Amino acid sequence: LDLMERLEKALDRGELSLWFQPQVSAVSGHIENFEALLRWMPAEGAPVSPAEFIPLAEQSGLIHRLGDWVVEEACRQQAAWRAAGHLDSRIDINLSGSQLARRDTLERFEACVKAHGLAPGDIGIELTENVLIDADHQILDGLRRLYHRGVRIAIDDFGTGYSSLSYLKHFPLTALKIDRTFVHDAPGQPEDRAIMEAAVFIGHRLGLEVVAEGVENDEQLTLIREMHCDLVQGYYFYRPMPAPDIERLLSGLVTGH
Ligand code: G
Ligand code: G
Ligand code: MN
Ligand code: NA
């Protein structure tokens with residue numbers, strides 16, 4: 001079987017799951033948000049990374065079924081956490097370009113959030129810069145509608161796309177995630193530090209929350225704090241984890257770094 005046939009079967013067999021990576025306040029270390037990340041662990045064979053299967057799913061069209069599953073699962077999980085008394089955990093999901101290009105993706109997303117009794121602020125979305133290049137008026141209007149209802153919209157991998165900064169004028173955004181390649185190199189490279197400082201400056205001037213991705217060590221964390229990034233996501237604090245591990249964190253049974 002080729003990978004797409006296997007993935008389609010994996011969806012039906014329940015081999016997919018959502019893992020969650022906490023984002024913490026750069027100041028307090030308190031967990032503020034979770035990024036939902038798709039994981040495929042085949043019953044037979046090694047785990048397959050979304051970096052491998054998402055691009056193929058986009059080509060084959062399977063991304064829409066996959067994306068529907070992710071939205072449904074994120075909403076189900078969030079509703080379960082709300083019901084268990086965890087009232088401030090926010091979850092963000094990733095949406096790719098071809099998902100956004102399907103006309104009803106944003107309507108279906110909103111409908112799913114509502115159907116699970118959640119508020120618009122309970123589930124946010126992450127988009128990459130490349131998604132925004134291709135976005136037409138209809139997509140822009142759809143994103144604006146979500147934004148005005150209180151849905152958080154983050155620009156992912158900031159600084160690595162092919163788009164110009166002008167999209168920052170037009171797109172309704174609430175957060176900017178500085179790509180982890182800048183964070184990784186910042187301690188040794190003044191250029192990376194300069195780009196990060198500029199990104200934090202622009203982000204804050206536009207009223208956005210600034211997230212530093214891929215923080216793995218003390219040196220990087222110190223720089224990020226000096227730059228006044230708001231949130232930190234990275235292995236230094238937490239790796240992506242399955243839902244039961246997140247529940248232990250939310251219940252205060254275990255603590256992080
Ligand atoms: O979690 P990991 O670092 O392996 O993710 C690799 C890539 O796959 C990242 O770019 C991430 O944004 C993307 N990805 C992870 N989960 C999803 C998902 O549910 N939907 C989409 N469209 N992309 C995802
Ligand atoms: O493209 P996107 O930002 O959605 O990708 C998120 C991916 O980054 C996840 O798959 C996650 O596993 C990975 N990631 C998260 N924190 C770290 C980190 O500290 N170091 C590295 N190398 N990858 C990370
Ligand atoms: Mn992301
Ligand atoms: Na990213």
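Here is a short conversation about a predicted model, its ligand shell and one of its strands.

Tutor: Welcome! In this predicted model, local features need pLDDT of at least 70 and side-chain atom pairs count only at pLDDT 80 or more, while totals for chains, interfaces and linings use all residues. Residues are numbered from 1 along each chain as its sequence is written, and chains are lettered from A and ligands numbered from 1 in the order in which they are written.

Student: What makes a residue part of the surroundings of ligand 1?

Tutor: Its C-beta atom, placed from the backbone, must lie within 6 Å of the molecule. The residues around ligand 1 include Leu37, Ser49, Ile54 and Pro240.

Student: Which element gives the largest share of that shell?

Tutor: Helix H2, with three residues. Helices (H or I, at least four residues) and strands (E, at least two) are DSSP runs, numbered from the N terminus.

Student: How do the shell residues divide into nonpolar, polar and charged?

Tutor: Nine are nonpolar, three polar and none charged. Ala, Val, Leu, Ile, Met, Phe, Trp, Tyr, Cys and Pro count as nonpolar, Asp, Glu, Lys and Arg as charged, and the others, Gly among them, as polar.

Student: Why is strand E1 called mostly covered?

Tutor: Because seven of its ten residues are buried, each having 20 or more other C-beta atoms (placed from the backbone) within 10 Å of its own.

Student: How do you know that E1 and E2 pair?

Tutor: Pairing requires that DSSP finds at least two bridges between two strands. E1 and E2 have nine, in the antiparallel sense, so they pair. One bridge joins Gln23 to Asn33 in E2.

Technical notes: A residue is buried if 20 or more other C-beta atoms lie within 10 Å of its own, exposed if 12 or fewer, and partly exposed in between; C-beta atoms are placed from the backbone.
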